[in-house]
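Reader: I should be grateful for a close look at a single strand of this protein and at the sheet around it. Please set out the pairing, the burial and the surrounding core in one connected account.

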Amino acid sequence: MALFLLSPLLVFTFLGGDATVFTLQNRCTTKIWPGIAGPPVKPELMDNGVALSPSQTINISAPAGWSGDVWARTGCSFDKAGGVNCTSGNCDGSIEECGSIYSLPLATFANFLLDDQFDSYAINLVEGFNIPISIVPSGGSGDCRPVRCLTDLNIHCPSKLQVRRNGRVVACKSACTAFKQPEYCCTAAYDNPNGCKPSSYSKFFKDSCPAAYTSFLDNPTSIFTCKGADYLISFC
């Protein structure tokens, strides 16, 4: 059972099997369009075209074994052909379909792996940041710690990492996303603990959101576990 529900409420249910409930809550002052991407499942967990107005909440049920990402798109506009353009978090394709976990946009992600033994969850800033997010487990057993990234990294984002729309910073790229160099992406000769060293850019992300997963070698400190929980995912 989810922590709490705010009206109006929209419910999307995956039929069959034990389910985990994700409660998506918009705490922002403007409308957002949540996105969910994961392995191909039928039916989809959520119509990605659904918008959340301020203070609105959506409940979504996910089956055991599901893994994927949840994020928010902001400032979306639509054309007559069904195309969509968002100022941040824009996904490939239409507003209803966000593709797979292999074609994700630049955004603040809530990552999940639901398992019979225990769930793993994290806030992922490896690609970058667009808006604050938090994950709060409910009703589970084990460590089950809340994880939050509530600092607006866009405000102090280094100039080389900024994504600007109409003169405003709407997202902050990671150094890997911005420069695509092995030393920032921990690839090639840097794909090991000795080679993958923090940079001033990665330190900016980690200092701003210490509990978040900010680099490719962050796993031990930034991935959390819980058994049999539901999850409140709040934006802003």
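Author: The account below begins with the whole chain and then turns to one strand, β9.

This is a predicted model, in which local features need pLDDT of at least 70 and side-chain atom pairs count only at pLDDT 80 or more, while totals for chains, interfaces and linings use all residues. Residues are numbered from 1 along each chain as its sequence is written, and side-chain values use heavy atoms, with hydrogens and water left out.

The protein chain has four helices and 16 strands; helices (H or I, at least four residues) and strands (E, at least two) are DSSP runs numbered from the N terminus. Of its 236 residues, 49% are buried, where buried means under 20% relative accessible area, exposed over 50%, and partly exposed in between (1.4 Å probe, protein chains only). The accessible surface of the chain comes to about 11400 Å², and carbon and sulfur atoms hold 53% of that surface; the areas come from the Shrake-Rupley method with a 1.4 Å probe, and for residues only the protein chains shown count as cover. Among contacts (heavy atoms within 4.5 Å) between residues at least 6 apart in sequence, 65% join residues at least 24 apart.

Strand β9 covers residues 119-124, and six of these six residues are buried, so the strand is largely enclosed by the rest of the structure. Both of its faces are covered: one carries Asp119, Tyr121 and Ile123, and the other carries Ser120, Ala122 and Asn124.

The partners of β9 come next. Two strands pair if DSSP finds at least two bridges between them. Strand β8 (residues 109-113) runs antiparallel to β9 and is joined to it by five bridges, with Ala110 having Ile123 as its bridge partner. The connection between β8 and β9 is a hairpin through five residues. β9 also pairs with β15 (residues 224-226), in the antiparallel sense and over three bridges; here Ser120 has Thr225 as its bridge partner.

These strands belong to an open sheet of five, in the order β3-β5-β8-β9-β15, with antiparallel pairing. Its edge strands are β3 (32-37) and β15, each of which pairs on one side only. The twist from one strand to the next averages 20 degrees, taken between axes that are lines fitted to C-alpha atoms (for helices over the stretch in contact), with angles from 0 to 180 degrees between N-to-C directions. Further along this sheet, β5 (residues 67-74) and β8 run antiparallel with four bridges between them, and Asp69 has Asn111 as its bridge partner.

One contact of β9 leads to another strand. Thr20 lies in β2 (residues 19-26) and is buried, with a relative accessible area of 10%. Beyond residues up to four places away in sequence, Thr20 touches Asp119 as well as others, including Leu114, Ala229 and Tyr231.

As for the core, a nonpolar core is a set of buried Ala, Val, Leu, Ile, Met, Phe, Trp, Tyr and Cys residues joined through side-chain atoms within 4.5 Å. The largest one has 43 residues, of which Phe22, Phe112, Leu125, Tyr231, Ile233 and Phe235 touch the most other members. Another core, of five residues, lies apart from it, and Ala37, Trp71, Ala107 and Phe109 are among its members. Beyond its neighbours within four places in sequence, Phe235 is in contact with several residues, among them Leu24, Ile32, Val70, Trp71 and Ile131.
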